[in-house]
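Please look over the sequence and the coordinates shown here before reading on. The report that comes after them is meant to be read with the structure open.

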Amino acid sequence: MMTNFSEGASGSFFFFTADQHYIVKTMSHSELRAMRRILPAYCRHMTANRASLICKFLGIYALDLFNHTEYFSVMNNVLLPPE
C-alpha cells in the first residue's frame, strides 16, 4: 500500500500512498497537543478559505500496540503535480 517513506527533520516518519495523493505522518505527543490547541482556528480558516494551500488534515489517529501509543495524521499531498 505505501510505496515510499522518509524521515523528516523532526524525526517523524512520512509515508506516501502508492498514488502519492495522501501522506501519513507520525506525530509526537507534543505535536498532537499543539494540533488539538489550534484545531478550532484551523477549521475556521479551512472553511473560510477552501482554496487554501495549507495541507488539509483528513484525520489524526492513535494506535495502541504493546503498551505503546503511536500518533499519526493523514493529510492530502499539496505538492502533488497536476495530472
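What follows describes the overall fold, the strand pairings, the core, and a few residues with their surroundings.

**Overall picture**

The model is a predicted one. The protein chain holds one helix and five strands, and along the sequence these elements follow the pattern β-β-β-α-β-β. Of its 83 residues, 27% count as buried, while the accessible surface comes to about 6200 Å², with 63% of that area belonging to carbon and sulfur atoms. Among the contacts with a separation of 6 or more, 32% are between residues 24 or more positions apart.

**Strand pairing**

Three of the strand pairings can be set side by side, each with a pair of residues that face one another across it.

| Strands | Direction | Bridges | Opposed residues |
|---|---|---|---|
| β2 (residues 13-17) and β3 (residues 22-27) | antiparallel | three | phenylalanine 14 and lysine 25 |
| β3 and β5 (residues 68-76) | antiparallel | six | isoleucine 23 and methionine 75 |
| β4 (residues 57-65) and β5 | antiparallel | eight | isoleucine 60 and serine 73 |

Strand β3 thus pairs with β2 and also with β5, and β5 in turn pairs with β4. Five of the six residues of β3 are buried, so this strand is largely enclosed by the rest of the structure.

Two of these pairings are hairpins. In the hairpin of β2 and β3, four residues lie between the strands, and glutamine 20 in the turn has a positive phi of about 65°. In the hairpin of β4 and β5, two residues lie between the strands, and phenylalanine 66 takes a positive phi near 50°. Asparagine 67, placed in the loop between β4 and β5, has a phi near 65°, again a positive value in a residue other than glycine. How do asparagine 67 and glutamine 20 rank, as buried, partly exposed or exposed? Asparagine 67 counts as exposed at 87% relative accessibility, whereas glutamine 20 counts as partly exposed at 25%.

**The nonpolar core**

The largest nonpolar core is made up of six residues, namely Met27, Leu32, Met35, Tyr42, Met46 and Tyr71. Helix α1 (residues 29-48) supplies the largest share of this core, with four residues. Tyrosine 42, one of the core residues, touches Met35, Ile54, Cys55, Lys56 and Phe57 when residues up to four places away in sequence are not counted.

**Threonine 26**

Threonine 26 lies in strand β3 and, at 15% relative accessibility, counts as buried because the limit for that class is under 20%. Leaving aside neighbours within four places in sequence, threonine 26 is in contact with Ser12, Phe13, Phe15, Glu31, Glu70, Tyr71 and Phe72. One of these residues, phenylalanine 13, also takes part in a polar contact, since the side chain of threonine 26 reaches the backbone nitrogen of phenylalanine 13 at 2.9 Å. The C-alpha atoms of threonine 26 and glycine 11 are separated by 8.9 Å, with the two residues 15 residues apart along the chain.

**Asparagine 77 and the β2-β3 turn**

Which residues does asparagine 77 touch, not counting those up to four places away in sequence? They are Phe16, Gln20, His21, Tyr22 and Ile23. Asparagine 77 itself is found in the segment after β5 and counts as buried, with 13% relative accessibility. Its side chain reaches the backbone oxygen of glutamine 20 at 2.9 Å, and glutamine 20 is placed in the loop between β2 and β3. The turn residue with the positive phi of about 65° is therefore also the residue whose backbone oxygen is approached by asparagine 77, and it counts as partly exposed.

**The salt bridge**

The count of salt bridges comes to one. It is formed by glutamate 31 and lysine 25, whose closest N and O atoms are 3.0 Å apart. The two partners fall into separate accessibility classes, for glutamate 31 is partly exposed, with a relative accessible area of 27%, whereas lysine 25 counts as buried at 13%. Lysine 25 in β3 also stands opposite phenylalanine 14, and glutamate 31 is among the residues in contact with threonine 26.

Conventions:
Residues numbered from 1 in each chain as written. Predicted model: local features only at pLDDT ≥ 70, side-chain atom pairs only at ≥ 80, totals over all residues. Heavy atoms only, no water. Buried < 20%, exposed > 50% of the residue type's maximum accessible area, 1.4 Å probe, protein only. Contact = heavy atoms within 4.5 Å. Areas by Shrake-Rupley, 256 points an atom, 1.4 Å probe, with all protein chains shown as cover. Core = buried A, V, L, I, M, F, W, Y, C linked by side-chain atoms within 4.5 Å. Pairing = 2+ DSSP bridges. Polar contact = N/O pair within 3.5 Å; in protein donor to acceptor, adjacent residues only side chain to side chain. Salt bridge = Lys/Arg side-chain N within 4 Å of Asp/Glu carboxyl O.
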